[in-house]
Each structure stands twice: as structure tokens, then as C-alpha cells.
Amino acid sequence: MDWEIVGTCNGTYIRGPKQHDDHKELTLIGQLNAGDNAESLDEQHWLVFSRPVTTPNGEPAGQVEVAFKLVEDGKSSRRSIVKAEDSNLVVFFPTEKQTHCGFLLQGPYKTTSSRDNVPHANNWNNHLVKETAKLVSETLLKLAALKMASVGLLQAMPLLRSREIPDDQMFRPVYDAVVETVKNYRLIPAAAGRLVSGRCARIARGKGLVDLFAPQQLTLLLRADEDEKLDWITPEISLSRSETSDLFAFLRDVLDVEQIEPEDLPPNLTEEFFQAQTTTWMVKFYTFLLDHDRLWRRDKPRGDLLDQPFVRLQDNRHATPFRSDG
């Protein structure tokens, strides 16, 4: 699309779509020519997913869409999803309706004549929101299959506490769909590049926990169902990092991801657990204990680990380090 303001400036906008099986990729480029200078405007890349909708009579009525903003790492050339700065609802053109999402929502909603509002008390609009919620849930799984599940993707979700978004808020179904999908499917970045679901994720709060307890050991330690192994969320998500503090609070407070500290370990460190470990791992465990002497110190408060059979004997049995009489 070419445009011109006579006697002042002119420019060009280019929209380059690339169709894939279940989504499309859009590149948007703008150039402004003012006098003798040509200035390239912001180049944007988006992934767009859609879902057809029908009227109550079953007639086609267009589609609802969601669009995620892409950026490219100049060093690695890897692309990743980031939170979109402006995420007001789009009804072919932007409206003033806030969605609380970090991605764009678009659909054939009914608006007021001035387009300054999208009525909530409208059956058609409520239907479209529910269809969009289904689309968001489906899209999250597709993005994981495309290797696009990342911290950036989660930061684009509506990271609100349930108390901050009323039940009657227009886009509550989208929020609920995000919570349910992230809780039950592997979408959260875990240690060593893996992914984990919210119900199988754990937060490590203590030096050495992530390196010491691999998913199989963590699952055995906490006696969880082995159908889907437990795993640690990536250390990149932290309460102390301002850019991920909201995401950390969402995982902890909304998805109820449990935090594990070294002091939580002793009751679970049973003889059965230790006998399943190699001698090499036991050496790593003893090295770990050097940084956590409060678990095994004999003075008050006495370390809880002293009551557990963590000393490996020559015949691979395990014993507590001291008898009951000390």
C-alpha cells in the first residue's frame, strides 16, 4: 500500500503473508520518504492462528484469530515470542477494549456505533469469547509442537491472579483456558531445555537442587505418579528478576506450583530412595550436603537428616550415621 501527503512525505507499507498448514506468518514493513531521506520503519513479524465461527443457525460468520509477536535473536537467528505492547481487542480495526493479554485477539464482534466499546452483555460477543478461549488453548499446544514454547510465550499470557479478574469480566474464559492448558500440558520451560506441565512442575529454592535431582529422581523422591515425571522449572523464571517476577507469581499462586527447599527433603530421603541411586550419585549427594550443613548438624537445632539412613555401606545397605544413643 502506497500513501502520500502532497508536498510533505510519502511511504509504503508491505504485508507479506506466508501460509502454513494450520497458521500463517505475517511480515509487516513500512518505509517513510521525507525529502531526500528514506527512513525504514519498524519491521514486525507475527504468527496468526484462526478458528471458524458460525451463527446460532449454523451459518458461517467469519473467524476468530489470535496473533503472537515474533522477534529474532541477532546472534543465534532463533525466533521467539514476546509480549505485544498493545493488546486491545481488534474488530478488523483496533478498539478501546482491553483484553489483559500479551497477544492480539481479533473477531467479528458487535461494537457500539462509535467503536469505543464492545458490549459484554451480548450473546454473540460472549459466544466469540468462548470460541477464542478454545482457539487459545489449541494454539498453545501448536506452538509447543513448533518448538515455540518459551518464557516469552508464557509472559504473553494474561498473568493475573484469579482475584484480579472478576468472574463477569468479558475475557475471563480466555484466562481460564490459559490456566487449565498450562496446568495440564507441557508448556513451561524446565531445566536443560525440557518442558513440564504446571501440575508436574516444581520450583527449586536452594543451591544444587536442580543439578542433584533429575526428573526421575525428583519423581521418586516425592512419590509422584511416574506416568508424567516431575521436573524443575527453569531457573530463568525467578521472583528476584523483575522481568519474570509476574510469571513466577502466576506459577506459584495461580497454578499452585510447589516450592522445594533443602529443608523439605529429609522426610522423603528414605532407604528405598537411596537404594535406587548409584554410588556416583551418592557422592554428588554428599557434596551437596557440604553446602547445607544445617540438614545434618548435631547441635541445636538438630538436623532432620540425621534420622535418615543416608550413609551407604559396603554391601549397599544404608544406615543412619549415629545410633539412637548418639
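1. By class, the lining of the second largest pocket holds 7 nonpolar, 8 polar and 8 charged residues, and this composition, like everything else in this note, is computed from a predicted model. The space in this second largest pocket comes to about 530 Å³. Of the 23 residues that line the second largest pocket, those closest to its centre are Arg78, Ala149, Ser150, Val151 and Pro189. Two elements, strand 7 (79-82) and helix 2 (151-155), each supply at least two residues of this lining, and the largest share, 3 residues, comes from helix 2.

2. The largest pocket contains about 910 Å³ of space. Its lining is made up of 26 residues, of which Arg15, Leu28, Trp46, Val90 and Leu104 lie nearest the centre of the pocket. When the lining of the largest pocket is divided by class, 16 residues are nonpolar, 5 are polar and 5 are charged. A reader who wishes to find this pocket in the structure may start from the strands, since at least two lining residues come from each of strand 2 (9-19), strand 3 (24-34), strand 5 (44-54), strand 6 (60-72), strand 9 (93-94) and strand 10 (104-106). Strand 3 gives the most to this lining, with 5 residues.

3. Strand 3 returns in the salt bridges, of which a search of the whole structure finds 17. In one of them glutamate 25 is paired with arginine 79, and the closest N and O atoms are 2.4 Å apart. Because glutamate 25 lies in strand 3 and arginine 79 in strand 7, this pair ties together parts that are 54 residues apart in sequence. The two partners may also be described by their accessibility: glutamate 25 has a relative accessible area of 13% and is buried, whereas arginine 79, with a relative accessible area of 34%, is partly exposed.

4. Another salt bridge joins residues within a single helix. Glutamate 131 and lysine 134 form a salt bridge in which the closest N and O atoms are 3.3 Å apart, and both residues lie in helix 1 (residues 123-145), where a separation of 3 residues corresponds to about one turn of the helix. Glutamate 131 counts as buried, at 11% relative accessibility, while lysine 134, at 43% relative accessibility, counts as partly exposed. The pair also belongs to a wider arrangement, in which Arg51, Glu131, Lys134 and Glu138 are linked in a network of salt bridges.

5. Helix 3 offers a further case of this kind. Here arginine 172 forms a salt bridge with aspartate 176, the closest N and O atoms lying 2.9 Å apart. Because arginine 172 and aspartate 176 are 4 residues apart in helix 3 (residues 172-184), about one helical turn separates them. Is arginine 172 buried or partly exposed? At 12% relative accessibility, arginine 172 counts as buried, and its partner aspartate 176 counts as partly exposed, at 35%.

6. The aromatic side chains deserve a point of their own, for a search of the whole structure finds 10 aromatic pairs. In one of these, the rings of phenylalanine 273 and phenylalanine 274 have their centres 5.8 Å apart and their planes at 70°, so the pair is edge-to-face. Both phenylalanine 273 and phenylalanine 274 are buried. Phenylalanine 285 and tyrosine 286 form another aromatic pair, which is tilted, with 6.1 Å from centre to centre and 55° between the planes. Phenylalanine 285, at 1% relative accessibility, counts as buried, whereas tyrosine 286 has a relative accessible area of 30% and is partly exposed.

7. These four residues can be placed in a wider setting. Ring pairs link Phe213, Phe273, Phe274, Trp281, Phe285, Tyr286, Phe288 and Phe310 into a cluster, so that a reader tracing the aromatic pairs described above will meet both of them within this one group.

8. A last contact brings together a charged side chain and a ring. Arginine 298 lies over the face of phenylalanine 322, at 3.7 Å from the ring centre.

Definitions and conventions. Residues are numbered from 1 along each chain as its sequence is written. This is a predicted model: local features need pLDDT of at least 70, side-chain atom pairs count only at pLDDT 80 or more; totals for chains, interfaces and linings use all residues. Side-chain values use heavy atoms; hydrogens and water are left out. On a 1 Å grid over the protein atoms alone, a cavity is a set of points where a 1.4 Å probe fits but cannot get out, and a pocket is an open set with protein on both sides within 12 Å along at least five of seven lines; lining residues have an atom within 4 Å of a point. Grid points are joined across faces, edges and corners, and a volume is the space filled by probe spheres set on the points. Ala, Val, Leu, Ile, Met, Phe, Trp, Tyr, Cys and Pro count as nonpolar, Asp, Glu, Lys and Arg as charged, and the others, Gly among them, as polar. Rings of Phe, Tyr and Trp (its six-membered ring) pair if their centres lie within 6.5 Å; planes under 30 degrees apart count as stacked, over 60 as edge-to-face and the rest as tilted. Buried means under 20% relative accessible area, exposed over 50%, partly exposed in between (1.4 Å probe, protein chains only). A charge sits over a ring if NZ of Lys or CZ of Arg is within 6 Å of the ring centre and within 35 degrees of the ring normal. A salt bridge is a side-chain nitrogen of Lys or Arg within 4 Å of a carboxyl oxygen of Asp or Glu.
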